[in-house]
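The following exercises concern the meeting of two protein chains. Please study the sequence and the structure before reading the solutions.

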There are 2 protein chains.
Amino acid sequence: MSEPFVVVGGDAAGLSAASKYRRENPDGDVIVFEKGDWVSYAQCGMPYFVKGEVDSITDLLSLKPDQAEERGIDLRRRHEVLSVNPDEQTVTVRNEDGTFEQAYGDLLIATGARAVSDPIPGTDLSGAFTLHSMDDTAALRAFLVDEAEAEEIASVEYVDGDYVRGFGARDPPETAAIVGGGYVGVEMAEAFSAHGLDVHLFQRPDRLLEPFGEAVAEEVADALRDAGVTLHLDMEVKRLAGDGGRLTGVECANTRLDADVAVVGIGVAPNTDLLSDTDVELGDSGAIAIDDHGRTNREHVYAAGDCAEMRHAVTGEPDWTPLGLTANRAGRAIGQTVAGDPEPVGDIAGTAVVKAFDEECGRTGILDHERARDAGFDPVSETVTAGSRSGYYPGNAETTVTLTADRETGRLLGGSIVGTDRAAIRIDTVATALEAGMTVAEVERLDLAYAPPFSPVWDPVLVAAKVLRGSLD
Amino acid sequence: MSEPFVVVGGDAAGLSAASKYRRENPDGDVIVFEKGDWVSYAQCGMPYFVKGEVDSITDLLSLKPDQAEERGIDLRRRHEVLSVNPDEQTVTVRNEDGTFEQAYGDLLIATGARAVSDPIPGTDLSGAFTLHSMDDTAALRAFLVDEAEAEEIASVEYVDGDYVRGFGARDPPETAAIVGGGYVGVEMAEAFSAHGLDVHLFQRPDRLLEPFGEAVAEEVADALRDAGVTLHLDMEVKRLAGDGGRLTGVECANTRLDADVAVVGIGVAPNTDLLSDTDVELGDSGAIAIDDHGRTNREHVYAAGDCAEMRHAVTGEPDWTPLGLTANRAGRAIGQTVAGDPEPVGDIAGTAVVKAFDEECGRTGILDHERARDAGFDPVSETVTAGSRSGYYPGNAETTVTLTADRETGRLLGGSIVGTDRAAIRIDTVATALEAGMTVAEVERLDLAYAPPFSPVWDPVLVAAKVLRGSLD
């Protein structure tokens, strides 16, 4: 009998792979080792659970453990894979009973990424969160609500009840410090504001949501300020301060803020420790290098999701942009490939959207000029503001679009969008054009939708293409 | 001195051409002849003015006559071009003083289309409207509101005051008959309902919005019925009945409905009468045949907008789909070409969106299998229903997507979408993929946006591509 397909990590990539493998190959064995209690949870939904917009933390699970079992997946929670031996085709696994070796026919590393908080001392203080685990998420919401509601959260299946109850018993915080102005920071500003906290956001760079470019950053900063959030831009947090193990504030070089709760969202790093004794290659980003079918340099060893690089659609080069769809798609493709029907994992365009109070933000491709030049392009950008609907139709809202293209070829390299009326989803038009390798002239001539309630005659994306093309001539 | 650039028709295509020509060539002369009083009005906005969502009828004007003059356009309203003489490079024009000949250097025919009501007798009855002119639109709203508000509409500049006042003085209608279930019919059902009328919609085919396909038609029919509209599908209206010149009802083969007001929207036809004595070629559709720069078969004679054919992006063949963006874009390109900087008019994909009460509908490309087969494809379609947002996020709504592809090549041929949450604008993703010539597999691998408030991990378009690809294998 052949050895099983072994998957390390029970989140998006791992369970997508296992599920697809079983669908394609109902007689095949697949074992999924998951270090923790939780599997297949929607990290992107966490701020909305904290905010209170999502009722139950289990709503964030896209696949519950018993559902995985129903699909014929041998799911083993609280099993940590410590190391991989590609020569022997085995992994070393630790569970509560000790360690053991598990042989594999094919192996998928889907260990994800972890929140980085290293440069900032004090993140272990009680009241400081990185919002990267389900139990932290449950505890943070329990901290914000009354004790009765906290008890409800604590008693949900899989939740670490004692940890959560500890926060439920404390007085709700009044001042929140957010360290980092990326997705998590911006979304948590909204979540804390919904609970009536005095919210302070500290960002080391001089703008929020850096990958979205300047135009989006400005609109988002305005939206946060309008909502009462105090922004501390261009300000580095040196450490979180505490007293008796509890967070009391954050400290910068020349200032200090008293705070009862803090969320640190300053980045993530790929989980690759289990490969440290192998010759499985990592890319320049530190994430695992893979080919177009998700294969590493070692036979029968695949990687997918937040721990792996992907090829960028614009540069054709490896890139590390950990995002949900990428993990799901690559996992699914590898499950199919391992089952015997090779399927490419696809490229990424770095398409991302985020909500900042009422502002909808989107970005795709390469916007940063330095990065574009590094990839051999001569970037030119234009930013326009145009209506989201016909000017006479109620609900028309200003929509700001930036497009970047290569001067010589006219090829579209990237784009961003921000606005309050159906703005975010319009980035998909730009992402599609990008992946098709379209020029700005071709984008300008796209036959896009027009009807007064939804779009003006010239969609903001077309207006931006028109202006950018003028600059390329 | 060279002869002027002469444009026939002062709406989207004509004024876009004249404006662009003047921008590129500030010393050039351009004359626009417009038969009526109104120029550059947004036909797509008319139902929303009737509904009351757009305050003033002049809001529908994208360019007022004095603005055209400011751009250096010699705009001559109430000037009808009766005929064209391509050999002499002249047009014959009639105004209130008589007729005269005007020489041209280049000529653009931008005469648009007219509402077709010929097969149905009685559309000349007072109370029957085709909603194709601004005065009709003004009169219809005046009919629906009280006399004071009607007087306001009647006294607006450019409006035919006496015509409008006549309707304002009448008792408001209680029962509305809509003949035709296309864009105008569906939008007018919403407009009449907003005024509290008992609304009946008659449609000769067995479904609404035929170009949008069956899946959209079903959702739209449900939405209209839920809003209290009585649908008479598969029912041909034989004639409009009247008494003393006023509409009293509509008559079908076996039934009759008493009605105080009727809108007939059963189609449009290109205005080409002025070319009947020339050898300027028309296409199979009856609209004017043009090349990729908008040139007809006669030198210095161009055509654009609702009177002209365009090349279809999927078939590569001429097609007649009169829509607003097409007219604007082609007009603008021809203005640039005539100014000396040749610009292609672009292809069309037949992208269209329409609002049906709360349902947002979109379509693009070729959905109809018979038409796809005529174009040499072997069409396969799949329809899926998926969420518009993450399932746990408030506001998630069912979104139904149909995609059609060619079995042999996997090339995407067309798509449709319907749903209540940001559905319509998603058709732009499909339109872009279509114009890029993408296969369904390539669409399935698109790196589209994901964030719980805006889209699930797998956007409905990706879900549809996944399912359709399964059917192609």
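**Exercises on the interface**

Across the interface of chain A and chain B, 28 residue pairs are in polar contact, both residues being at pLDDT 80 or more; a polar contact is a pair of N or O atoms within 3.5 Å, where within protein one must be able to donate a hydrogen and the other to accept it, and residues adjacent in sequence count only if both atoms are side-chain atoms. The model is predicted, so local features need pLDDT of at least 70 and side-chain atom pairs pLDDT 80 or more, while totals for chains, interfaces and linings use all residues. Residues are numbered from 1 along each chain as its sequence is written, chains are lettered from A in the order in which they are written, and side-chain values use heavy atoms, without hydrogens and water.

**Exercise 1.** Identify the elements that supply the side of chain A that touches chain B.

*Solution.* Step 1: α9 (324-338), β21 (352-356), α11 (427-435) and α13 (460-472) of chain A each supply at least two residues; helices (H or I, at least four residues) and strands (E, at least two) are DSSP runs, numbered from the N terminus. Step 2: α11(A) gives the largest share, seven residues.

**Exercise 2.** State how many salt bridges are counted between chain A and chain B, and give one of them.

*Solution.* Step 1: the count is eight, a salt bridge being a side-chain nitrogen of Lys or Arg within 4 Å of a carboxyl oxygen of Asp or Glu. Step 2: one of them joins the side chains of A:Glu360 and B:Arg422 (2.3 Å, N to O).
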